[in-house]
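User: I have a new chain open and want a quick walk through it. Can we start with a single residue and work outwards?

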Amino acid sequence: MARRDTTGGPTITVRRVYEPADPDDGLRVLVDRLWPRGLAKADAHLDAWPKELTPSTELRRAWHAGGLADEVFHARYRDELDAAPAHAARTALLDRAGEGRLTLLTAVRDPDHSHVPVLIEYLGEGP
């Protein structure tokens, strides 16, 4: 999954954090709240781990417990992203990535059916 920001921002790609780092990854950012199981921090080759851009623990637990429909989860996550801490983290991340490549790393098996598409949309809105 790759998406070019039309506002002159970075090209955003998504990869599983368990995959080996690639020189073309650009800025490598973990977008999960929890550290991936079985992965040594040295092996992740991360440039950033902005927890302000991840779903809150409460929201994540409610969704994984089956208590929230996808649409409700996405709306609540978007509300969290619209808060000041996430906005500041987004601005810093986009400034750091510039017009290069921004690789979002996640441990989820199916990033298309997770919080990642909501985050990509949010990042694409620019600072």
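User: Which residues does Leu104 touch, leaving out those up to four places away in sequence?
Analyst: This is a predicted model. In it, Leu104 touches Ile12, Thr13, Val14 and Arg15. Val29 and Val31 are also on its list, as are Leu119, Ile120 and Leu123.

User: And how many residues does the largest nonpolar core have?
Analyst: That core has 25 residues. Leu104 is among those with the most contacts inside it, along with Leu53, Leu81, Leu102, Leu119 and Leu123.

User: Which elements each supply at least two residues of this core?
Analyst: Three strands do: strand 2 (11–16), strand 3 (27–30) and strand 4 (101–106). So do helix 2 (57–64), helix 3 (70–81), helix 4 (84–97) and helix 5 (116–124).

User: Where does the largest share come from?
Analyst: From helix 5, with 6 residues.

User: What lies apart from that core?
Analyst: Another core, of 5 residues. Val17, Leu30, Ala44 and Leu105 are among them.
Analyst: As background, nonpolar side chains in soluble globular proteins tend to be buried together.

User: Step back. What order do the elements run in from the N terminus?
Analyst: The order is β-β-β-α-α-α-α-β-α. That comes to 5 helices and 4 strands.

User: What share of contacts between residues at least 6 apart join residues at least 24 apart?
Analyst: 64% of them do.

User: Why does the radius of gyration agree with a compact globule?
Analyst: With 127 residues, a compact globule would have a radius near 14 Å, and the chain has 14 Å, so the two agree. The C-alpha trace spans about 40 × 35 × 25 Å along its principal axes.

User: How much of the chain is buried?
Analyst: Buried residues make up 43% of the 127. The accessible surface comes to about 6900 Å², and carbon and sulfur atoms account for 51% of that.

User: Charges next. How many positive and negative side chains are there?
Analyst: There are 17 positive and 21 negative. The centres of the two sets lie 5 Å apart.

User: New topic, backbone. What is the phi of His45?
Analyst: His45 has a positive phi, about 50°, although it is not a glycine.

User: Where does His45 lie?
Analyst: In the loop between helix 1 (41–44) and helix 2.

User: Why does His45 count as partly exposed?
Analyst: Its relative accessibility is 47%, so His45 falls in the partly exposed class, which sits between under 20% for buried and over 50% for exposed.

How values were computed. Residues are numbered from 1 along each chain as its sequence is written. This is a predicted model: local features need pLDDT of at least 70, side-chain atom pairs count only at pLDDT 80 or more; totals for chains, interfaces and linings use all residues. Side-chain values use heavy atoms; hydrogens and water are left out. The radius of gyration is taken over C-alpha atoms; the globule rule is 2.2 Å times the number of residues to the power 0.38. Buried means under 20% relative accessible area, exposed over 50%, partly exposed in between (1.4 Å probe, protein chains only). Contact means heavy atoms within 4.5 Å. Accessible areas come from the Shrake-Rupley method with a 1.4 Å probe; for residues, only the protein chains shown count as cover. Lys and Arg count as positive and Asp and Glu as negative; His and the chain ends are not counted. The place of a charge is taken as NZ of Lys, CZ of Arg, CG of Asp or CD of Glu. A nonpolar core is a set of buried Ala, Val, Leu, Ile, Met, Phe, Trp, Tyr and Cys residues joined through side-chain atoms within 4.5 Å.
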